[in-house]
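User: I would like to go through the labels attached to this model and see what each one rests on. Please give the value, the cut-off and the conclusion.

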Amino acid sequence: MKKTNIALAALFLLSPATGFAAKKKQLPPMSQFVTELMQKMTLEEKIGQLNLLPGGDLTTGAVMNSPLAEKVGAGELGAILNVKGVEKIKNLQEIAVKKTRLGIPLIFGQDVIHGYQTVFPLPLAQACSWDMAMIERAAQVAAAEATASGINWVYSPMVDIALDPRWGRVSEGAGEDPYLTSQVGAAMIRGYQGDYSDHNAMACVKHYALYGASESGRDYNTVDMSHVRMYNQYFAPYRAAAEAGAGSFMTSFNIVDGIPATANKWLIDDVLRKEWKFDGFVVTDYGSINEMVSHGVGNPLDNTAQALKAGTDMDMCSEAFVSNLKTCVEKGTVKESDIEQACRRVLEAKYKLGLFDNPYRFCDPKREKTELYTATNRSVARDMAAETFVLLKNQDNLLPLKKQGTVALIGPLADTRNNLPGSWSTGDKPEKYSTLREAMTRCLDGKATVLYAQGSNIYLDEKQQKEIEFGRPIERGNQQQMMDEALAVARKSDVVVACLGEMAEMSGECASRSNLELPDAQMMLLKELVKTGKPIVLLNFSGRATVLKWESENVNAIMNVWFAGSETGDAVCDVLFGDKVPTGKTVNSFPQNVGQLPLYYNHMNTGRPVPEGTDRFFKYQSNYLDVRNDPLYPFGYGLSYTTYEYGDLTLSSSKMKADGKVEASITVKNTGLRDGDEIVQLYIRDISASIARPVKELKGFQRIHLKSGESKTVKFDITRSQLEFYGSDLKPVVEPGDFTIMVGPNSRDLKTVKLTVE
Ligand code: BGC
């Protein structure tokens, strides 16, 4: 044992073998433990705990040239992100434990946001399942695999409400609705963190706050909104995540009230900590303290002080805390107690993760060999993927396809392996995954013939295609030649399955798009395929709601398959050929064109509203000359292979006291031939209040299973929490008056009834 470790040895009851043999029960309670440890720490050591740097194995921000091992040994780091592989993590942990004076272990973070080696659908797609148990299970699997690779801190869930699919990061969140996003975020947190076993990781809720509201959907752009809107629309999921016990939060890149979120005291200290009682630690986003200067705010020294005093505890990749905090203390702009508070929160996270019990808790190379991409994990991912597909159109019940005849499988996404996982799949191993072509050939073996042609490039322009590859290329060829091949294949077939859309890296960070139509080369191909007169199924790959106006009018069936992860191939076949029935409902409104954006179902009415569903223009009313207001496919929409009929909506009483309870009931019948799951949605509108309220807001949903011909009565309790909103004083209130209660299969086709609150 090194002499310098002696101080901590007294606390940890060190064993000679590991240095950390003490069982949790032998450690003092967290607060006492951390206090005693901090009494032994120098100011530099405390500041070191607040520093987070990249390991360099993955690039998720500006590349940094940091001699990592030296910094660890010098006690200048509290955590590291993006180190790949348990052996490497173990080596770095050993340096922290054996070479630093107090042997404080490191946290290892990574963007594990939709699975690890077993890749689950993008978070946006997961939300389309509306299946919280499944989402929780997927997060559990993700944490189990990540921890098998040494990672104990995952940068997920992202709960930023996003109303504008031009923003590429809509793919990382749960869509446009605060209630649903809150549920999804909480389910993920439960799944990741569990009871902090060695198969659990600490969640990091991001990006606090309002990142999804960046103007014109351009990433990192300005955000400016009223506090009333923050509280009523954007804050709910962050608050729900804090209440779900998330261990950490990440600040966002944008400004809030003109102040970069990372240094916004109101946001972090007043709202997150004091109002919502969040007791974990707050980390900045990548380099965001340094970026304050580009925002035109402050100077490096003052910004460091401002970020810390706002309540930020850990600095990701700015090296501002480690470089400047000591000077700030000397100059009197930061008190040592501010640093201590931040250090305490970081050490508490380490305690919760069990790292003081055993710093090598997540460093078992055997686990990495045996617990990744297991048959069980793959089957969870396959089941989940099938639940996330959204059937947008199914003319004449073209789907499900029969396993017979000849299927033409066409498109640049039909035989790609590396694009299936989607963006932010930092633990993926594409070489292990089946392409759709391989899966379909397996699925139809001996029953039907699959003819394949790539058919087109992604874009006509080579440079444009290269720019969106980011290490996940798709072969480029001669567009005309590929198209001719595809048309020949189509003519020989009974049905065409066209696999078109975005490449993986066309959504995610820094992947904003101003045109959301099918990329030009693929649109050309699709138009020619339609001309063959063969029935066409479009599988739209996307990390966002795209513009499918022409497709909706010209192809027979459309299924949005998002990026569904490692098991995409099999999962698509499960649904396409009817072994499973689609149930997904979109959580991102599909626009008719980009000019409608931002577009979301829970908008305000305006003083000059036009009726929903209208097909005409109204002079001097709130509408466009050249497109109607409605989306192409509304929030909550998705078809099935069976049909459901909704009966009348009734209330147990048409009147209610603000603190009372009323039950809404509706009978739903499966009128089709297949058994299926239906997602029954409850919306509420406050007709007249002291401030303008949305035309409807999701306030509940239930996923029910109905056998063919079966009926079930679905009941929703309506209580105060569903009627409440934040008034202009930012306090929650229920105001007496009339409310419309609405239930239905999506946000458009609703049965309604009036409720009066007394
Ligand atoms: C992203 C975060 C991510 C971080 C670390 C940033 O660029 O905005 O979402 O967690 O990098 O990779």
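User: Which residues of helix H2 meet which residues of H15?

Analyst: From H2 they are Met30, Ser31, Phe33, Val34, Thr35, Leu37 and Met38, and they meet Glu340, Cys343, Arg344, Leu347, Glu348, Tyr351 and Lys352 of H15. A contact here is a pair of heavy atoms within 4.5 Å. The model is predicted, so local features need pLDDT of at least 70 and side-chain atom pairs count only at pLDDT 80 or more, while totals for chains, interfaces and linings use all residues. Residues are numbered from 1 along each chain as its sequence is written, and side-chain values use heavy atoms, with hydrogens and water left out.

User: What makes up the contact of H2 with H15 by class?

Analyst: Eight of its residues are nonpolar, two are polar and four are charged. Nonpolar means Ala, Val, Leu, Ile, Met, Phe, Trp, Tyr, Cys or Pro, charged means Asp, Glu, Lys or Arg, and the others, Gly among them, are polar.

User: Why is H2 called oblique to H15?

Analyst: Helix H2 (residues 30-39) packs on helix H15 (residues 336-352) at about 125°, with 10 Å between the axes. Angles under 35 degrees are roughly parallel, over 145 roughly antiparallel, 65 to 115 roughly perpendicular, and the rest oblique. The angle falls in the rest, so H2 is oblique to H15. The axes are lines fitted to C-alpha atoms over the stretch in contact, with angles from 0 to 180 degrees between N-to-C directions. Helices are DSSP runs of H or I with at least four residues, strands are runs of E with at least two, and both are numbered from the N terminus.

User: What is the handedness of the crossing of H2 and H15?

Analyst: The crossing is right-handed. That word applies if the near helix is turned clockwise from the far one by less than a right angle, and left-handed if anticlockwise.

User: Why are H17 and H23 called oblique to each other?

Analyst: The axes of helix H17 (residues 375-388) and H23 cross at roughly 50° and come within 8 Å. That angle is in none of the other three classes, so the two helices are oblique to each other. Their crossing is right-handed. Arg382, Ala385 and Ala386 of H17 meet Asp570, Ala571, Asp574 and Val575 of H23. This contact has four nonpolar, no polar and three charged residues.

User: How do you know that the buried residues of H18 are on the same side?

Analyst: The buried residues of helix H18 (residues 436-443) are Leu436, Ala439, Met440 and Cys443. They cover an arc of only 95° around the axis, which puts them on the same side of H18. The arc is taken from the directions between the helix axis and the C-beta atoms. These residues pack against strands S12 (406-410), S13 (449-453), S14 (495-501) and S15 (536-541), and against helix H23 (568-576).

User: Tyr452 and Trp562: what makes one partly exposed and the other buried?

Analyst: Buried means under 20% relative accessible area, exposed over 50%, and partly exposed in between (1.4 Å probe, protein chains only). Tyr452 has 23%, so Tyr452 is partly exposed. Trp562 has 1%, so Trp562 is buried. Tyr452 lies in strand S13, and touches residues including Leu409, Asp415 and Arg437. Trp562 is in the loop between strand S16 (557-560) and H23.

User: Why is Gly55 counted as partly exposed?

Analyst: Its relative accessibility is 25%, which is between the two cut-offs, so Gly55 is partly exposed. Gly55 sits in the loop between strand S1 (51-54) and helix H4 (68-73), and its contacts beyond four places in sequence are Leu68, Ile80, Leu81, Asn82 and Val83.

User: What is the phi of Trp562, and what is that of Tyr220?

Analyst: Phi is near 50° in Trp562 and near 70° in Tyr220. Most residues other than glycine have a negative phi, and most peptide bonds are trans. Tyr220 is in the loop between S5 and H9.

User: Which peptide bond has omega near -5°, and which has omega of about 10°?

Analyst: The cis bond from Leu597 to Pro598 has omega near -5°, and the cis bond joining Tyr208 and Ala209 has omega of about 10°. Pro598 is in the loop between H23 and strand S17 (644-646), and Ala209 is in the loop between strand S5 (202-208) and H9.
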